[in-house]
Amino acid sequence: MITIAAPIIGDEEIKAVNDVLASGMLAQGPKVAELEQAFARYCHTNYAAAVNSGTAALHCALHSAGVQPGDEVIAPTFTFMATCNAILMAGAKPVLVDILEDDFNIDPAKVEAAITPKTKAILGVDLYGQPYDYNALDAIAKKHDLTLIEDACQAIGAHYNGQPAGSLSDIASFSLYATKNIMCGEGGVVTTNDQDMLASVKRFRQHGMTGPYEYAEFGYNYRMTDLVAAIAVEQLKKVDDFTAARQRNAGIFDSGLQNIQGIITPKVMPGRTHVYHQYTIRVTPDASLTRSQLADALKERGIGSGVYYPKPLHAYPHVAALGYSMGDFPVAEKLAGEVLALPVHPKVSEQDAQLVVTAIQEAARG
Ligand SMILES: *Cc1c(COP(=O)(O)O)cnc(C)c1O
């Protein structure tokens, strides 16, 4: 079976965890500090702070941006639910906007139109591993004095005009969940160049603590443990190799899946690099079979696939209750019905990737 996702755990990760266990220091300690330094270096930011999930990283980022109840945060409707739930966790209202057909990311023109006096921040997502249009969002944020927050959970190692994901905003959030490009089971990291935002995140992840039993404000327990930080440190050393394997597989798909009626391969926009957290094709109504028929045909040949995401966020009850209905965001609604992710991760060999291509050619050309 060629699965849609598979973590790569080497001897290095196992040894690193054993070393932490043997040290007896399991909670936040030297491995967390080591991960933070390495992450900031990798993302070309001044600072990084580790937390225990990507969702926690988003919540911390929103808090450090001063987002409060009554505020609005603009975000795309086509992303993982955590993007939107983090805004709700901060007590703010997610103001959802449509995406662009080209890169599946937030449509900057729609962002500008959604700004109100209550808008505090823009939360862009580097969906599938390709950065959003940073220059466009940065210009809007500066013009309206808004904080730009990057949900880079899927995009470690991606670039926009040579700048790495994590540095394409005032503050960014990464996830180290088991299926992400690098992982430690559950984990997250915040990156920023802003010292005050860093301090805010470090307080917020630890009950608002500023010193031994000194609490400056409300906060949570979002601390990462040294046990999992040790895994993440090893994974970060391998990220460029992992990315290269994903990009090699994407290249095989790109060339093998051209000129198939109704199959559209993902576009890499000029000036950007894509790290293919997902390699997402579109199965349009012009195709000779439906998306679910194609998924079934792949499954029969032992090839997994996935739909990320079957619905835009505004289709879910707790989000729709904010005042959204189907028809509000036509691009996201259309694409949610067409997207199909193929297994692109580093455990997929060149031969495997070629098998995927052949399977789709045979199924879709039939
Ligand atoms: C994975 C992910 C998150 C949440 O990360 P967790 O570590 O699962 O909490 C948020 N946003 C996006 C786009 C993600 O892919």
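Q: Which element gives the most residues to the shell around the ligand?
A: This is a predicted model, in which local features need pLDDT of at least 70 and side-chain atom pairs count only at pLDDT 80 or more, while totals for chains, interfaces and linings use all residues. Residues are numbered from 1 along each chain as its sequence is written, and side-chain values use heavy atoms, with hydrogens and water left out. Helices (DSSP runs of H or I, at least four residues) and strands (runs of E, at least two) are numbered from the N terminus. With three residues in the shell, the element that gives the most is helix 3.

Q: How many residues surround the ligand?
A: A residue is near the ligand if one of its heavy atoms lies within 4 Å of it, and the closest residues are G54, T55, D151, S175 and K180. By class (Ala, Val, Leu, Ile, Met, Phe, Trp, Tyr, Cys and Pro nonpolar; Asp, Glu, Lys and Arg charged; the others, Gly among them, polar), the shell divides into six nonpolar, eight polar and two charged residues. The number of residues that surround the ligand is 16.

Q: What share of the ligand's exposed area does the protein bury?
A: Among the polar contacts (pairs of N or O atoms within 3.5 Å), an N or O atom in the side chain of T55 is 2.5 Å from a ligand oxygen, and a polar side-chain atom of D151 lies 2.8 Å from a ligand nitrogen. K180 also places a polar side-chain atom 3.1 Å from an oxygen atom of the ligand. Taken alone, the ligand exposes 380 Å² (Shrake-Rupley, 1.4 Å probe), and the share of this that the protein buries is 93%.

Q: Which elements give two or more residues to the shell around the ligand?
A: The ligand takes up the space of the largest pocket, where a molecule counts as sitting in a pocket if more than half of its atoms lie within 2 Å of the pocket's grid points. The elements that give two or more residues to the shell are helix 3 (54-64) and helix 4 (81-89).

Q: How much space lies in the largest pocket?
A: On a 1 Å grid over the protein atoms alone, a pocket is an open set of points with protein on both sides within 12 Å along at least five of seven lines, a cavity is a set where a 1.4 Å probe fits but cannot get out, and lining residues have an atom within 4 Å of a point. The lining of the largest pocket has 43 residues, with Q154, Y177, T179, K180 and H277 nearest its centre, and it divides into 24 nonpolar, 14 polar and five charged residues. With volume taken as the space filled by probe spheres set on points joined across faces, edges and corners, the space in this pocket is about 620 Å³.

Q: What is the volume of the largest cavity?
A: Its lining consists of D102, D103, F104, L127, Y128, Q130, P266, K267 and H274, which divide into four nonpolar, two polar and three charged residues. The volume of the largest cavity is about 30 Å³.

Q: Which residue is joined to Y309 by a cis peptide bond?
A: Y309 is found in the loop between helix 9 (291-300) and helix 10 (317-320). With omega at about 10°, the cis bond joins Y309 to Y308.

Key:
A polar contact is a pair of N or O atoms within 3.5 Å; within protein, one must be able to donate a hydrogen and the other to accept it, and residues adjacent in sequence count only if both atoms are side-chain atoms.
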